[in-house]
Each structure stands twice: as structure tokens, then as C-alpha cells.
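User: I would like to work through the model shown here in a series of short exchanges. Please reason from the coordinates in each reply.

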Amino acid sequence: MVDNRTGAEEVLETAAVFIAVGMEPVTAYAASLGVLDEQGYVIAGEDGKSQVEGVFAAGDVRTKAVRQIATAVGDGAAVIQSVETCLQGR
Ligand SMILES: Cc1cc2nc3c(=O)[nH]c(=O)nc-3n(C[C@H](O)[C@H](O)[C@H](O)COP(=O)(O)OP(=O)(O)OC[C@H]3O[C@@H](n4cnc5c(N)ncnc54)[C@H](O)[C@@H]3O)c2cc1C
């Protein structure tokens, strides 16, 4: 193993390795909308509303603490309610 910050090398005796490369949201298409944070996630609350009317986010693409299937599904249920309310107001 090499520590990328210090360059120090170390041999770890282990039976297996789990490689985590991190996450990067694919949101370049929304960059011009002004709804993304510095990491590229859509800034939106539990109701999925972004700061731009009519633009919603659900799932991993949204700013939130836990990105898992259960939270993505919950987002879907909550955001559809916001979309419906938005459409009824038009
Ligand atoms: C390695 C790994 C392991 C995980 N293990 C677990 C686990 O054990 N339990 C758990 O609960 N969660 C786990 N997760 C997290 C879980 O997969 C996500 O939280 C969940 O899939 C998020 O769902 P989503 O619909 O928001 O996004 P996604 O599942 O990423 O779906 C987004 C979809 O949109 C599509 N898409 C992207 N851009 C466009 C575009 N411009 N036009 C059309 N389509 C587009 C993508 O191709 C993709 O199909 C894991 C994630 C990873 C990466």
C-alpha cells in the first residue's frame, strides 16, 4: 500500500481487498441551471425542490448524508408529491 499524501509504502497482510474509488455525480448537463454544489450534487431538500422552480432532484444525485437504495426510494416518493403540487399550480 502507498500513502498518496506521504509516499510511504507499507505491506498489509490481508485475505481480501475492497477497492473504493469514491463517487462522482454525472450532472454536467445541469451545470448551467445553477443548482449544483461544488461536488456536482443538486442542492435540494427532502422535498426534492431545488432553488430553481420546476427543477427537482431525487436519489444519489441530491445533496444528502446517506446515499443508499432505501433513501433513493424515499426520495422518489417524496419528490413525486412536490412535482404533482408544482404541476397543479400551473
Ligand atoms: C459499489 C456500490 C455498492 C452499493 N451498495 C449498496 C448497498 O449494499 N445497499 C444500498 O442500499 N445501497 C448501495 N449502494 C448505493 C445505491 O446503489 C444507490 O444509493 C442507489 O442506486 C441510488 O439510486 P438512484 O436511482 O438515485 O441512482 P442510480 O442507481 O445511480 O441510477 C441513476 C440512473 O440514471 C442514469 N442516468 C445518468 N445520467 C443520465 C442521463 N443524462 N440520462 C438518462 N439517464 C441517466 C444512470 O445510467 C442510472 O441508471 C451502492 C452503490 C455502489 C456504487
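The exchanges below go from the overall fold to single residues and then to the ligand.

User: How many helices and how many strands does the protein have?

Analyst: The model is a predicted one. Its secondary structure holds no strand, and the count is 1 helix and 0 strands.

User: Is the protein spread out or compact, judged by its radius of gyration?

Analyst: For 90 residues the globule rule gives 12 Å, whereas the radius of gyration is 19 Å, well over that value. The C-alpha trace spans about 65 × 30 × 15 Å along its principal axes. Because the radius exceeds the rule in this way, the protein is, relative to a compact globule, more spread out.

User: What percentage of the residues of the protein count as buried?

Analyst: Among contacts with a separation of 6 or more, 21% join residues 24 or more positions apart. Of the 90 residues, the share that counts as buried is 13%.

User: Does H1 lie largely in the open or is it largely buried?

Analyst: Helix H1 covers 69-88. Its 20 residues reach 29 Å from the first C-alpha to the last, close to the expected 28 Å. The number of buried residues among these 20 is 2, so H1 lies largely in the open.

User: How many residues make up the largest nonpolar core?

Analyst: In soluble globular proteins, nonpolar side chains tend to be buried together. Here the largest nonpolar core includes Leu36, Tyr41, Val42 and Ala44, together with Phe56, Ala57, Ala58 and Val79. One of these members, Phe56, touches Ala44 and Val79, and its other contacts include Gly48 and Lys49. The size of the core is 8 residues.

User: Is Arg62 buried or exposed?

Analyst: Arg62 lies in the segment before helix H1 and touches Tyr41, Val42, Ala44, Gly48, Ala57 and Asp75, with residues up to four places away in sequence left out. Its C-alpha atom is 6.1 Å from that of Ala44, although 18 residues separate the two along the chain. Because 22 other C-beta atoms lie within 10 Å of its own, and 20 or more suffice, Arg62 is buried.

User: Which residue lies 26 residues from Gly48 in sequence and 11 Å from it in space, C-alpha to C-alpha?

Analyst: Gly48 is placed in the segment before H1 and is buried, with 22 other C-beta atoms within 10 Å. Its contacts include Phe56, Arg62, Asp75 and Val79. The residue at 26 positions and 11 Å is Gly74.

User: Is Glu24 buried or exposed?

Analyst: Glu24 is found in the segment before H1. Its C-alpha lies 8.6 Å from that of Tyr41, which is 17 residues away in sequence. Glu24 has 9 C-beta neighbours inside 10 Å, and because a residue with 12 or fewer is exposed, Glu24 counts as exposed.

User: How many residues in the shell around the ligand are nonpolar?

Analyst: The ligand is surrounded by residues that include Val26, Tyr29, Asp60, Arg67, Gln68 and Ile69. By class, 2 residues of the shell are polar and 2 are charged, and the number of nonpolar residues is 5.

How values were computed:
Residues are numbered from 1 along each chain as its sequence is written. This is a predicted model: local features need pLDDT of at least 70, side-chain atom pairs count only at pLDDT 80 or more; totals for chains, interfaces and linings use all residues. A residue is near a molecule or strand if its C-beta atom, placed from the backbone, lies within 6 Å of it. Ala, Val, Leu, Ile, Met, Phe, Trp, Tyr, Cys and Pro count as nonpolar, Asp, Glu, Lys and Arg as charged, and the others, Gly among them, as polar. A nonpolar core is a set of buried Ala, Val, Leu, Ile, Met, Phe, Trp, Tyr and Cys residues joined through C-beta atoms within 7 Å. Two residues are in contact if their C-beta atoms, placed from the backbone, lie within 7 Å. Helices (H or I, at least four residues) and strands (E, at least two) are DSSP runs, numbered from the N terminus. The radius of gyration is taken over C-alpha atoms; the globule rule is 2.2 Å times the number of residues to the power 0.38. The expected span of a helix is 1.5 Å times one less than its number of residues.
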